[in-house]
Amino acid sequence: MLDIRIIRENPQRVKDAMKARNKDMDALVEELLAIDVKRREITQVTEQKRAEQNSVSKRIPQIKKEGGDTSEIMAEMKRLSDEIKEGNAQLSQLEERQQSILLSMPNLPHESVPIGKDESENVEVRKWGTPREFDFEPLPHWDLGANLGILDPETAAKVTGARFHFLKGLGARLERSIISFYLDTHTENGYTEVFPPFMVNRASMTGTGQLPKFEEDAFKLKEPDYFLIPTAEVPVTNMHRDEILEGAKLPVKYCAYSACFRAEAGSAGRDTRGLIRQHQFNKVELVKFAKPEESYQELEELTNDAERVLQLLGLPYRVVALSTGDMGFSSAKTYDIEVWLPSYNRYCEISSCSNFEDFQSRRAAIRFKNDIKDKPQLVHTLNGSGVAIGRTVAAILENFQNADGSITVPEVLRKYMGCDVIS
RNA sequence: GGAGAGGUGUCCGAGUGGUUUAAGGAGCUAGUCUUGAAAACUAGUGAUACGGCAACGUACCAAGAGUUCGAAUCUCUUCCUCUCCGCCA
């Protein structure tokens, strides 16, 4: 959520930023400005009346005690009370409208973000590794998985439906090994491991920006009003909702494994085969709470921390800076890490690392103060996949396949897998 | 799921409609006393939000709604905690 003060003081900057995101919100910005003026005006008048009501109310018991007649004052107070109620009603209407507009507005992109209409204008920042030249015809991971008997979407379709998988045997073990390897790597690197709930309430989904705008993307329980998490970002960031953190303890760094659930609304027909786009997938997520002046340095480090696991696995990847037109709703700046997938013959997103600045922390009221006497200020929140598990499995199967259909297990996973080859 | 008890400030805890600007205590801060410390005494003490240039005002007693001139206190809804029972991993 944007700060109403930024809109009040620099509406043009906000309008321009929305246009860079392909959204014309000029009319909404103007409406916000009008609401803001009116809101403050009514607040002042109503609070003044409230002050009078408080002071008169204090005198009433004294007058009664002295045997005075209060009926005239009571009648006057009744009128005042009605006026206050009317003022409050107007205020809550204005506040509700203001809030609903603010909740619908995406974050302002950081000045370093490339301006662009969509993903075609993302900027490649760096590349690591070299895509392998095969001396045989490489298979896509869904064929490799089926041939090895480790990937079984058909049974999942019977048991549940489309876009789910059973992993079997060494496939299931590979999934589990990657989770452990990622968590071990990140905890050695200073992240505190947490295991979060996989369902969250509405306040948490609103805090990180999934609601109210993107409700149709989430799986929702009928009763109670809970959502299946689309990413561990939601429960982990909301751990500190409505809290004031100690400045000396920042940055706070968490890593968390979770299953992730996405309805994938609007993506029918895309990536229908294999592990790339599922309704349920596993992911290890990195989450940071940082001081504002350090958050962009922290974003670079978080991205590097995510890259490290791919380097250790030996998977070629590249890092791209998303353009204004391709960035997510809540993000001020995002790097995507894309792993090389032979079957796609291109790099494919496996991690998305973002600085949300104070966009989430304002919604979720996550603050800090350096000293006990300071005024609390909003932290900057960051997160990134470190990294997606299912897509890692796909990348390992495809990049490390052998001519006989077997898969060479990356060195770092062997102690988890208990074998060198999947065959 | 059933029955019961609760949720008040940093903490403990009083408070069933108005002299409560939330009693009292603990803790914390400063001072007095003391060679120093402890004790005692005195004073201070909201890690909150909004409006206002400011003085200040307003809100906030789990959350939300209601009754009333006036609500921590009465009514309704929700959430959470604890105890017992049931069920379960």
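Is the crossing of α2 and α3 left-handed or right-handed? The crossing of these helices in chain A is right-handed. The points below concern a predicted model, and they begin with the overall fold before turning to individual helices.

1. Overall composition. Chain A contains 13 helices and 17 strands. Its C-alpha trace extends over about 100 × 45 × 40 Å along the principal axes. Of the 423 residues in chain A, 36% are buried. Among contacts with a separation of 6 or more, 73% join residues 24 or more positions apart.

2. Helix α2 and its two sides. Helix α2 covers residues 11-20, and its buried residues are Val-14, Ala-17 and Met-18. Viewed down the axis of α2, these buried residues occupy an arc of 100 degrees, so they line one face of the helix. As background, an α-helix has 3.6 residues a turn, so residues three or four places apart point the same way. The other side of α2 carries the exposed residues Gln-12, Arg-13 and Asp-16. The buried residues of α2 pack against α1 (4-9) and α3 (26-65). After α2 comes Asn-22, which has a positive phi near 65 degrees.

3. Packing of α2 on α3. The axes of α2 and α3 lie 9 Å apart, and the two helices pack at an angle of about 150 degrees. Because angles over 145 degrees count as roughly antiparallel, α2 and α3 are roughly antiparallel to each other. On the α2 side the contact involves Pro-11, Val-14 and Lys-15, which meet Asp-26, Val-29 and Leu-33 of α3. By class, this contact of α2 with α3 comprises four nonpolar and two charged residues, with no polar residue. Val-14 thus appears both among the buried residues of α2 and in the contact with α3.

4. Leu-32 and Gln-98. Leu-32 belongs to helix α3, while Gln-98 is located in helix α4 (residues 71-104). Leu-32 is buried, because 23 other C-beta atoms lie within 10 Å. Gln-98 has 18 C-beta neighbours inside 10 Å and therefore counts as partly exposed. Leaving aside residues up to four places away in sequence, Leu-32 touches Ile-7, Gln-98 and Ile-101. On the same basis, Gln-98 touches Leu-32, Ile-35 and Arg-39. Two C-alpha separations complete this point: Leu-32 and Cys-419 are 61 Å apart in space and 387 residues apart in sequence. Gln-98 and Asn-345 are separated by 47 Å, with their positions 247 residues apart along the chain.

5. Helix α5. In α5 (residues 141-148) the buried residues include His-141, Trp-142, Leu-144 and Gly-145. Seen down the helix axis, the buried residues of α5 fall within an arc of 160 degrees, so they line one face of the helix. The elements covering them include β2 (151-152), α7 (170-188), α12 (389-399) and β16 (407-408). Just after α5, Gly-149 adopts a positive phi of about 75 degrees.

6. Packing of α7 on α10. Which residues bring α7 and α10 into contact? The axes of α7 and α10 (residues 295-313) come within 10 Å and cross at roughly 130 degrees. That angle makes α7 oblique to α10. The crossing in which α7 passes α10 is right-handed. Tyr-182, Thr-185 and His-186 of α7 make the contact with Asp-305, Arg-308, Val-309 and Leu-312 of α10. The residues of this contact of α7 with α10 divide into three nonpolar, two polar and two charged.

7. Packing of α7 on α12. Helix α7 also meets α12: their axes come within 10 Å and cross at roughly 115 degrees. Here α7 passes α12 in a right-handed crossing. From α7, Leu-174, Glu-175, Ile-178 and Ile-179 take part, and from α12, Ile-389, Thr-392 and Val-393. By class, the residues of the contact of α7 with α12 are five nonpolar, one polar and one charged. Both α7 and α12 are also included in what covers the buried residues of α5.

Key: Residues are numbered from 1 along each chain as its sequence is written. Chains are lettered from A and ligands numbered from 1 in the order in which they are written. This is a predicted model: local features need pLDDT of at least 70, side-chain atom pairs count only at pLDDT 80 or more; totals for chains, interfaces and linings use all residues. A residue is buried if 20 or more other C-beta atoms lie within 10 Å of its own, exposed if 12 or fewer, and partly exposed in between; C-beta atoms are placed from the backbone. Helices (H or I, at least four residues) and strands (E, at least two) are DSSP runs, numbered from the N terminus. The arc is that of the directions from the helix axis to the C-beta atoms. Two residues are in contact if their C-beta atoms, placed from the backbone, lie within 7 Å. Axes are lines fitted to C-alpha atoms, for helices over the stretch in contact, and angles run from 0 to 180 degrees between N-to-C directions. Angles under 35 degrees count as roughly parallel, over 145 as roughly antiparallel, 65 to 115 as roughly perpendicular and the rest as oblique. A crossing is left-handed if the near helix is turned anticlockwise from the far one by less than a right angle, and right-handed if clockwise. Ala, Val, Leu, Ile, Met, Phe, Trp, Tyr, Cys and Pro count as nonpolar, Asp, Glu, Lys and Arg as charged, and the others, Gly among them, as polar.
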